[in-house]
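Reader: I have a structure to go through with you, and I would like each label set against its rule. Could you start with the contact between the chains?

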Amino acid sequence: MKTTVTLIAPPTAMQPGGYIATAYADRSQPGTSRADLEVQESTAGWTVALRWRAPQAVIDATDNPRQFIDGAALFAPTVKDAPWISMGTPDMPLEGVLWRADRAQPWRVSAQGLGSVQRAEAPAGWTTAARYANGTWQLTFTLPAFAALTVTRQLGFAVWQGAQSERAGLKSVTPGWINL
Amino acid sequence: MNRQLAMVLDLNKCLGCQTCTVACKKLWNQDQGTDYAYWNNVETAPGKGFPRLWQETGGRNADGSVKRGEIPSLDADYGRAWKFNHDKTFFKSNGPREWLKPESGTQWGPNWDEDHGAGAYPQENHYFYLPRLCNHCTHPACLDACPRGAIEKRSDNGIVLVNQDQCHGYRFCVEACPYKKVYFDPKRQVSTKCIFCLPRIEEGVAPACARQCPGRLRFVGFLDDPAGPIHKLVNEYKVAIPLHPEFGTGPNVYYVPPLSPEGIDDEGRPTGKPRIPPAYLESLFGPAVHDAMARLAAEREKTTRGEGSAVMDLLIAYDWSKNFALDDARTREVI
Ligand code: SF4
Ligand code: SF4
């Protein structure tokens with residue numbers, strides 16, 4: 001499956017705590033307005049490719065406390081139609097994979113609501129290939145086993161542009177689940 | 001059990017020696033990623049402070065409402081840790097040696113304003129030292145800013161801690177703290193902040209900055225302990241007040257404001273007005289500073305008249321052991 005997705009900025013009003021909702025109340029536009037998605041399923045598992053415009057790539061920030069690093073994540077609900085923008089619930093968790101531009105290996109991630117994302121080492125065989133050229137990130141996830149996606153066949157993704165100080169809930173996301 | 005540990009610092013006694021800064025740094029912050037960070041710093045007031053302009057770049061307005069704060073710049077606001085030309089100064093075997101100097105350009109540092117102060121010389125020039133650490137606030141702005149719940153305020157002592165296992169390095173806490181007392185470690189991609197020397201507290205020992213202070217100006221204890229120095233100075237004698245109470249976070253570090261000698265006029269005659277303008281002190285400590293200063297001056301007068309003053313005796317720290325009142329079962333004498 002191949003498509004171009006128009007991305008949105010999740011409402012900051014729903015962010016946990018009192019600071020982000022107020023301090024970022026004016027943030028309504030996503031840093032990345034759209035992204036290309038290509039999903040392939042084979043006997044070897046899933047291959048998911050993303051492509052998005054990023055005028056400035058941020059790959060390393062080890063020397064700068066002000067700098068945020070580019071990233072992207074794929075999520076699938078473990079239960080069909082689990083809440084996406086609010087990142088699942090304890091009864092309907094999300095499973096996924098997180099890439100950050102400074103790391104060779106992705107993380108396996110799970111979420112049960114906003115602010116609950118847990119990162120863990122990815123299973124063997126989960127890999128990412130990232131390339132930045134001509135102001136565009138091209139990122140391919142190879143995921144031999146992605147159980148939630150295989151079961152529900154629903155996918156959502158998020159993109160963070162470090163140059164725009166995107167992190168956490170300040171991100172660009174698919175407006176809902178994409179049915180494969 | 002909701003108890004709050006607190007610290008009182010008597011600004012009349014700070015020498016600006018930075019022993020506290022070094023004691024803290026040596027104990028907790030020698031990693032590469034936090035070489036720029038000072039959980040405890042001592043800056044010169046009036047001045048821009050550390051990080052530069054921290055009073056303007058935090059996540060609170062003057063009425064306590066939330067605003068978007070800034071993450072300070074490593075070079076321009078914190079100042080990168082300096083690397084010196086030791087090789088060329090001390091270890092060069094031939095050729096001319098260099099004077100000792102930083103090898104890279106320096107833009108700011110933990111007490112960059114040192115001794116600049118304010119006021120026309122010699123009529124009203126003045127400065128004082130302002131030691132700063134995390135206030136372990138009652139309503140921590142850092143905690144409120146963390147979407148992951150990675151910042152915790154302990155109920156048994158009120159210490160505010162970052163759980164680095166939960167921290168994903170989003171830095172909303174760095175933005176939001178109006179005192180700019182959360183530091184980001186870019187090497188480890190996690191936030192760090194003063195832990196009020198929790199492992200020492202658990203052993204009944206006061207934080208290193210307080211124990212090492214040669215000025216004996218730091219007091220540590222529980223706010224609700226009527227026999228301890230904090231309760232006395234804050235609630236009973238009412239001479240210790242928090243820094244920028246208007247930010248609304250309920251700081252638990254309190255300051256005894258600095259009295260100052262009179263200024264002089266152009267003929268060298270005393271003006272009767274303190275060199276440190278009360279309006280400036282009010283801009284730091286709020287209107288409560290005036291009453292605190294008046295009480296302090298009155299106690300000093302009592303001492304001058306030979307009447308004795310329990311307030312002054314405590315502040316002078318004749319008996320240093322009275323500076324600290326922790327969990328008495330475990331309080332012990334170590335540095
Ligand atoms: S001073 Fe800043 S870092 Fe410390 S508890 Fe208060 S808001 Fe948090
Ligand atoms: S050790 Fe004490 S006297 Fe020295 S700078 Fe720190 S607070 Fe001031």
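Author: Gladly. Arg68(B) and Asp26(A) form a salt bridge, with their closest N and O atoms 2.7 Å apart. This is a predicted model, in which local features need pLDDT of at least 70 and side-chain atom pairs count only at pLDDT 80 or more, while totals for chains, interfaces and linings use all residues. Residues are numbered from 1 along each chain as its sequence is written, chains are lettered from A and ligands numbered from 1 in the order in which they are written, and side-chain values use heavy atoms, leaving out hydrogens and water.

Reader: What makes the pair Arg68(B) and Asp26(A) a salt bridge?

Author: The term asks for a side-chain nitrogen of Lys or Arg within 4 Å of a carboxyl oxygen of Asp or Glu. Arg68(B) and Asp26(A) come to 2.7 Å, so the pair is within the cut-off. Between chain B and chain A the count is four salt bridges, and a search over all chains finds 20.

Reader: Why is the pair Asp77(B) and Arg66(A) said to join two chains?

Author: The closest N and O atoms of Asp77(B) and Arg66(A) are 3.8 Å apart, and the pair forms a salt bridge. Asp77(B) lies in helix 3 of chain B and Arg66(A) in the loop between strand 3 and strand 4 (71–77) of chain A, so the pair joins two chains. Helices (H or I, at least four residues) and strands (E, at least two) are DSSP runs, numbered from the N terminus.

Reader: How many residue pairs are in polar contact across the interface of chain B and chain A?

Author: The rule finds 16 such pairs, both residues at pLDDT 80 or more. A polar contact is a pair of N or O atoms within 3.5 Å; within protein, one must be able to donate a hydrogen and the other to accept it, and residues adjacent in sequence count only if both atoms are side-chain atoms. On the side of chain B that touches chain A, the elements giving two or more residues are helix 3 (74–78), helix 5 (141–145) and helix 6 (172–176) of chain B. Helix 6 of chain B gives the largest share, three residues.

Reader: Which residues make up the contact, and what area is buried between chain B and chain A?

Author: With contact meaning heavy atoms within 4.5 Å, chain B gives 30 residues and chain A gives 28 residues. The buried area, which is the accessible area (1.4 Å probe) that two parts lose on being put together, summed over both, is about 2,500 Å², with 51% from carbon and sulfur atoms.

Reader: Now the sheets. What makes strand 1 and strand 8 of chain A edge strands?

Author: Two strands pair if DSSP finds at least two bridges between them. The open sheet of five strands in chain A has the order 1-2-3-9-8, with antiparallel pairing. Strand 1 (2–6) and strand 8 (127–133) of chain A each pair on one side only, which makes them the edge strands.

Reader: How do you know that strand 3 and strand 9 of chain A pair?

Author: Eight bridges join strand 3 (residues 45–53) to strand 9 (residues 136–143) of chain A, so the requirement of at least two is met. The two strands run antiparallel, and Arg51(A) stands opposite Gln138(A) in strand 9 of chain A.

Reader: How is the sheet of chain B paired?

Author: Its five strands form an open sheet in the order 9-10-1-8-13, and the pairing is mixed. Strand 1 (residues 5–10) and strand 10 (residues 253–256) of chain B run parallel, joined by four bridges. Asp10(B) stands opposite Val256(B) in strand 10 of chain B.

Reader: What is the omega of the cis peptide bond that joins Ala45(B) and Pro46(B)?

Author: Omega is about -5 degrees there, and Pro46(B) lies in the loop between strand 2 (41–45) and helix 2 (54–57) of chain B.
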